[in-house]
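Hi,

Here is the structure I promised to pass on. Have a look at it first, and my notes on what I found follow below.

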Amino acid sequence: MELSASSAFGFSAFAVFIFFILSKLRTQTVPLKLPPGPPKLPLLGNLHQLLGTVIHHKLTELGETYGPIMHLQIGEVPAVIVSSPEIAKEVTTTHDINFARRPLQLSGKILTYNWTDIAFAPYGTYWRQLRKLCVTEVLSAKRVQTYRSIREEEVGDLVQEISAKAGTPVNMSAKIFSLTYGITARAAFGTKSKYQEEYIAIVMESSKAVGLAVCNMYPSSKLLPLITGFKHKLEKLHREADKILENIIVSHLKTKSSSASADAKEGLLDILLRIQETGNLEIPLTRDNIKSVIADVFTAGSETSSTTVEWAISEIVKNPRVMKKAQAEVREVYKGKESVDEERLDQLKYLKLIIKETLRLHPSLPLLLQRENASQCVIKGYDIPAGTRVMINVWAIARNPKYWKEPEKFVPERFADSPLDYIGTNFEYLPFGAGRRICPGIDYAMPNMLLPLAQLLYHFDWELPGGVRGEDLDMSESFGVTVRRKDDLYLVFKPHKHTNLSN
Ligand code: HEM
């Protein structure tokens with residue numbers, strides 16, 4: 001017996017040893033089958049092919065050679081670029097949980113209080129709690145309704161301002177960005193804050209600073225962010241933003257306790273402070289958590305919506321047929337009204353098609369937000385090692401003639417009588433993403449985009465300055481956090497004959 005016990009032990013140890021050796025051999029001898037991709041240079045990988053380009057264009061071009069699932073090495077970072085609806089579906093549905101992580105980049109660490117916002121928080125309990133809170137409390141359709149008067153006032157002010165400049169060129173890009181950020185600031189802080197302009201300027205500068213930052217592509221290097229000044233710059237911007245948010249919160253708490261503001265509207269900040277105090281949360285919300293959510297609403301929310309309106313205006317000017325049809329609709333729906341309010345916004349069917357078509361041709365996040373897989377998996381027969389960054393090129397998919405008729409043309413009618421929607425179930429059209437990390441701000445974004453367009457179409461006839469024809473408008477893109485027009489859009493507005501904007 002004794003002998004057989006010790007031999008059983010010896011046999012088990014031998015078996016474990018053999019298993020260990022075999023598994024070692026297996027990992028060494030069976031190479032991973034990575035997706036195809038362009039040749040890589042030492043140290044740079046494929047980074048040199050992306051620098052100085054409009055990245056989603058370059059990735060589309062490379063995808064035409066290497067296919068709809070393509071492997072790149074961007075600096076130190078292994079990346080997979082997806083550019084077909086079938087594979088986008090695999091990533092965001094079949095393998096959704098595995099790809100629900102975001103890469104933990106230095107820029108996110110500094111700007112989002114150690115990745116404690118919604119957009120960059122690691123997938124897990126904290127993110128789930130925050131996301132649920134946002135969907136049910138902060139960005140719900142019902143809550144968005146409560147900001148109606150803010151939107152109507154701010155857009156009304158813009159119309160007045162433009163009518164005072166009738167006949168002279170107006171920088172519409174600047175106006176739209178300042179309008180959207182202004183609405184968000186009032187929705188966030190309840191009332192106008194004396195710090196808000198300063199805060200908006202910092203958010204915009206931070207967005208510009210990030211883009212495809214080279215430092216994010218060499219995560220192991222502690223030196224690179226220091227010698228390039230990247231870390232210093234982001235830390236400075238973060239310190240300034242944090243100071244402003246802290247001041248806003250402190251003065252907010254002070255005025256809230258005074259009776260003078262008892263009837264003030266509940267803004268995003270109030271909601272978050274209330275939940276912090278009374279919400280039954282699994283993980284308590286800290287002051288920094290609240291600040292990072294507010295920052296998200298500004299960056300993830302305002303930048304994207306403004307960009308979309310800027311492109312919608314550009315496409316409308318470029319396509320006089322679309323402009324006439326949209327003007328006819330809004331002028332009919334609001335016939336006899338002094339101005340456009342949100343009461344009948346839902347009846348503007350054609351304008352909604354314009355927004356859909358704009359989001360197809362100009363998704364503000366053409367590669368969505370990067371995801372990363374927690375564990376190795378196989379997609380379309382290719383191995384995707386854990387920790388690969390996945391970018392879904394929704395820009396390329398939405399311009400592919402395989403899925404769209406005359407894809408380069410701006411034809412809002414293509415969405416009429418079509419079940420195609422942007423809610424993450426039609427994988428040839430994903431301007432808001434899909435799966436667990438789909439954008440939670442769709443309901444918040446829509447009236448912010450529809451109302452200014454409707455007002456401007458109702459009150460004015462639009463032209464390009466200097467007699468330039470719409471069809472000659474340059475539509476070049478620039479790539480930052482979002483894809484904006486390369487050059488600001490200037491327009492001349494002529495008040496429409498029914499308009500009375502004297503008061
Ligand atoms: C036209 C307007 C907008 C567009 C095109 C847009 C697009 C997107 C996209 C593509 C994503 C990434 C989805 C993915 O990874 O699959 C995203 C995420 C996000 N968006 Fe939006 N967005 C818009 C407006 C807004 C607004 C108004 C808000 C808030 C007020 C917002 C808040 C967020 C947040 C918090 C995330 C991160 C979600 C997560 O990681 O769980 N977005 N958005």
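Let's start with the ligand, keeping in mind that this is a predicted model. The ligand is surrounded by 26 residues, and the closest of them are Gly301, Thr304, Gly433, Cys439 and Gly441. By type, that shell splits into 16 nonpolar, seven polar and three charged residues. Two helices, α14 (287–318) and α18 (442–459), each put at least two residues into the shell. Of the elements that line the ligand, α14 gives the most, with seven residues.

How far does the predictor trust all this? For the complex, it reports an ipTM of 0.99 and a pTM of 0.91. The protein has a mean pLDDT of 89, and 90% of its residues come in at 70 or more. Two stretches are worth flagging when you scroll through. Over residues 1–13 the pLDDT stays under 50, and the model shows zero contacts there beyond four places in sequence. Residues 259–263 also stay under 50, with two contacts beyond four places in sequence.

Now the inside of the protein. As a rule, nonpolar side chains in soluble globular proteins tend to be buried together. Here the largest nonpolar core has 125 residues, and Ile294, Val330, Ile392 and Ala454 have the most contacts inside it. Helix α14 turns up again: it supplies the largest share of this core, 13 residues. There is also a second, separate core of six residues, with Ile110, Leu111, Phe230 and Leu234 among them.

If you want one core residue to click on, try Ile392. Which residues does Ile392 contact, leaving aside its neighbours within four places in sequence? They are Val82, Ala88, Val91, Leu367, Leu368 and Leu430.

Last, a bit of sheet. Three strands make an open, antiparallel sheet, in the order β3-β11-β8. The edges are β3 (170–171) and β8 (460–463); each has a single partner strand, so one side of each is left without a neighbour in the sheet. Strand β3 and β11 (residues 490–495) run antiparallel and are joined by two bridges. To find the spot on screen, look for Asn171, which sits opposite Tyr490 in β11.

If you only have a minute, I'd go to α14, as this helix gives the most residues to the ligand shell and also the largest share of the main core.

Cheers

Methods:
Residues are numbered from 1 along each chain as its sequence is written. This is a predicted model: local features need pLDDT of at least 70, side-chain atom pairs count only at pLDDT 80 or more; totals for chains, interfaces and linings use all residues. A residue is near a molecule or strand if its C-beta atom, placed from the backbone, lies within 6 Å of it. Helices (H or I, at least four residues) and strands (E, at least two) are DSSP runs, numbered from the N terminus. Ala, Val, Leu, Ile, Met, Phe, Trp, Tyr, Cys and Pro count as nonpolar, Asp, Glu, Lys and Arg as charged, and the others, Gly among them, as polar. pLDDT is the predictor's confidence in each residue, from 0 to 100. Two residues are in contact if their C-beta atoms, placed from the backbone, lie within 7 Å. A nonpolar core is a set of buried Ala, Val, Leu, Ile, Met, Phe, Trp, Tyr and Cys residues joined through C-beta atoms within 7 Å. A residue is buried if 20 or more other C-beta atoms lie within 10 Å of its own, exposed if 12 or fewer, and partly exposed in between; C-beta atoms are placed from the backbone. Two strands pair if DSSP finds at least two bridges between them.
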